[in-house]
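Please open the structure in the viewer and keep the selection panel at hand. The tour below proceeds by selections, from a single strand outwards.

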Amino acid sequence: AENGYELWLRYRFEENVVRRNEYMQYCGGGIAAPEALKDGAAHAELKRALPVILGKAFQANNARAGCIYLGGRDDHPAIATLIGSDELAGVGDEGFVVRTGSWEGRPATVIAANTTRGILYGTFSLLRTLQLGEPLEEMHLADAPKLRHRLANHWDNPVRGSIERGYGGKSIFNWGELPKRIDSRLHDWARLLAAMGLNGVAVNNVNTAKNDLEGWRLLTPEYLPKLSALAGVLRPYGVKLYISVNFFSPMIVGSLDTADPLDPGVRKWWQAKAAEIYKTIPDFGGFLVKADSEGEPGPLKYKRTHAEGANMLAEALAPHGGFVYWRAFVYNARGDRTPQAYNQFKPLDGRFDKNVLLQVKNGPVDFQVREPISTLFGAMPRTALAGEFQITQEYTGQDKHVCFLAQMWSDVLRFPLKGEKNDMRMWNTTGAIAGVMNITDSPNWTGHLLAQANTYAFGRLAWNPDTSPDAIASDWTRLTFGRDPVAEKTIVSILRDSWPAYENYTTPFGIGMLSDRNKHFSPDPAGRGSVHNADSKGMGTNRNVAKGSGYAGQFSEPWRSRYEKPETCPEELLLFFHHLPYTYKLKDGATLIQAFYDRHNEGVAAARDFLRRWETLRGRIDKERYQQVRKKLSEQIGYAEEWQRSINDYFQKRSGISDTKDPS
Ligand code: GCU
């Protein structure tokens, strides 16, 4: 039965009827690979997929069928003939060239690359072509990732197996049984990461010491063999292992009485710890650190800067080629949090070691459904930055609402930091990207099956931030549900409309976090007075320079001026930057408060329509997955109605202005 476990790596025979002959011609004759690749992940993936996709005829030694050649130009004359040396040099150490042509009078397919990892990415790319039913004839694709470091961040707690902001299931890591037993799911996890195009993964929660979150233990000797086992699972897939560490480790794991980054004993402790890890895991990626943030300890306790803290770890990892991802999610509960990270980190530009990446969330608040881009991007030219996105939908419906985030991430990644005429984008100031994962031990990994589209989308955008969100949605849909065009159109339409719908029935116009304080799921406008700042006259937060916290002023032009005034501020961020009267007139003449009610009403209508659209798919996709999603979409309507009612009621009371279009 179909339960969604296969994700989009769902290889099938019957779906390829149209081009089966063509596929047989180019790929049906077997796989030719040098010894070194024969035990590798690419070869294994082809062996897993091709017999299913092509059917029994695969490898029947059909004299007319061509082979797939894997390797570099030196590995086979077919590769040297079909792939130019310039071409291969051009794709670097992670890219690949996939080309079909002919060799010795037979059709042939070549997957060429400079590294094993490149071959693996090329393999997933070829398989995607076959799964999508696209032509192989004259295929000639050279591709390489645009960002150098592409990381998954799991927020999993090793001891309890719970997941910080994890929905749909528990942690896939059973540390108790490692290294002895390696669950087969872990191999599929490594495949999944590689299929997403990622090359690094941090496996534990950034909160490492609070309550039961005992992630600090990963640095104890007991865990080293376990880490080594995980690294061994990841290695064939070209994914490096990272862990989140606690800044106080010298005291909690070691027996020092300080963790002061300028203390020579502390520095030595970290150096010895790094050496110990690399002895067992020579390709270890490095550390992810949440310091001086939400109760996690850090260098400020010793009156040292974030740079001094990060550089101490960087110094320990540098001899081994490791990296420190130092998070910039710092804020003080007093006052508006949005300008704070910039104020703390910008003065440190140029002071971080080369192997430190400052990991910055996409926006200044916290993964909201709508917020402007973080002003740190573009503000620290002498610091390597990593953009942090959240795949797990903490504030965007968790595993209960469909909310496809590709458009939001794409908007952030393509945001013209210095204005439309300049090509500076957040991602070309960074070279690194991290996604907080939505992967759990639930049978379909993500709980809500449609949430897999977010997992997929993050990988595609990390590989190439310019990929169109609509193309991602349609690829994912066809890979996941097959090639029925009606199903494709319907599911893509739900994905495309899901983010705007969620925004509308929860927090339109950038008003911000109106959810409950613990779970961040249900509406709690009364408990979020300091977010919406509603009084008898108006709502919203002043974050301009003239009247507010000045976040607008941290942008480069033209954004600074545009955000400064309500007349030029994009409407979707109006209440993020401005406190405005309920009767403020929007561009289309509507009053702000009525438009605010309307958005909620429209959002609910959209949620209802998702279920209606989905129900047209009965019989077009398999029953199991049809029912799984149907159930989620019908529950979503209830949650959407709850938001609409709660928010509209609250604001009608605050403003004394009723919703003239209330449908109820
Ligand atoms: C959010 C989230 C926390 C998480 C934090 C972080 O605030 O609610 O659970 O620890 O982000 O990114 O560190």
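Begin by selecting residues 385-390, which form strand β12, together with strand β13; the two strands pair in the parallel sense over five bridges. Within this pairing, Gly387 of the one strand is placed opposite Ile433 in β13. Please bear in mind throughout that the model is predicted.

Next, extend the selection to residues 149-153, strand β6. This strand also pairs with β13 in the parallel sense, again over five bridges. Here Ala152 is the residue that stands opposite Gly435 in β13.

Now restrict the view to β13 itself, residues 432-436. Why can this strand be described as largely enclosed by the rest of the structure? Five of its five residues are buried, so β13 is largely enclosed by what surrounds it. To inspect its two faces, colour Ala432, Ala434 and Val436 on one side, and Ile433 and Gly435 on the other; all of these are buried, and both faces are thus covered.

The following stop is the ligand. Select Glu164, Arg165, Val206, Asn207, Lys290, Glu294, Phe329, Asp366 and Glu394, the residues around the ligand. How does this shell divide by residue class? Six of its residues are charged, two are nonpolar and one is polar.

Then colour the chain by domain. The assignment gives domain 1 as residues 14-143, and domain 2 as the segments 149-399, 413-443 and 459-468. The contact between them takes seven residues from each: seven from domain 1 and seven from domain 2. On the domain 1 side, select helix α6, residues 116-132, which supplies five residues, the largest share of the side that touches domain 2. By class, that side of domain 1 has four nonpolar residues, two polar residues and one charged residue. The centres of domain 1 and domain 2, taken over C-alpha atoms, are separated by 35 Å.

Finally, display the whole chain. Its secondary structure comprises 21 helices and 15 strands. The radius of gyration is 26 Å, close to the 26 Å that the globule rule gives for 664 residues, so the chain is as compact as a globular protein of that length. Along its principal axes, the C-alpha trace spans about 80 × 65 × 50 Å. Of the 664 residues, 52% count as buried. Among contacts with a separation of 6 or more, 72% are accounted for by residues 24 or more positions apart.

Technical notes:
Residues are numbered from 1 along each chain as its sequence is written. This is a predicted model: local features need pLDDT of at least 70, side-chain atom pairs count only at pLDDT 80 or more; totals for chains, interfaces and linings use all residues. A residue is near a molecule or strand if its C-beta atom, placed from the backbone, lies within 6 Å of it. Ala, Val, Leu, Ile, Met, Phe, Trp, Tyr, Cys and Pro count as nonpolar, Asp, Glu, Lys and Arg as charged, and the others, Gly among them, as polar. Domain bounds come from an automatic or database domain assignment. Two residues are in contact if their C-beta atoms, placed from the backbone, lie within 7 Å. Helices (H or I, at least four residues) and strands (E, at least two) are DSSP runs, numbered from the N terminus. The radius of gyration is taken over C-alpha atoms; the globule rule is 2.2 Å times the number of residues to the power 0.38. A residue is buried if 20 or more other C-beta atoms lie within 10 Å of its own, exposed if 12 or fewer, and partly exposed in between; C-beta atoms are placed from the backbone. Two strands pair if DSSP finds at least two bridges between them.
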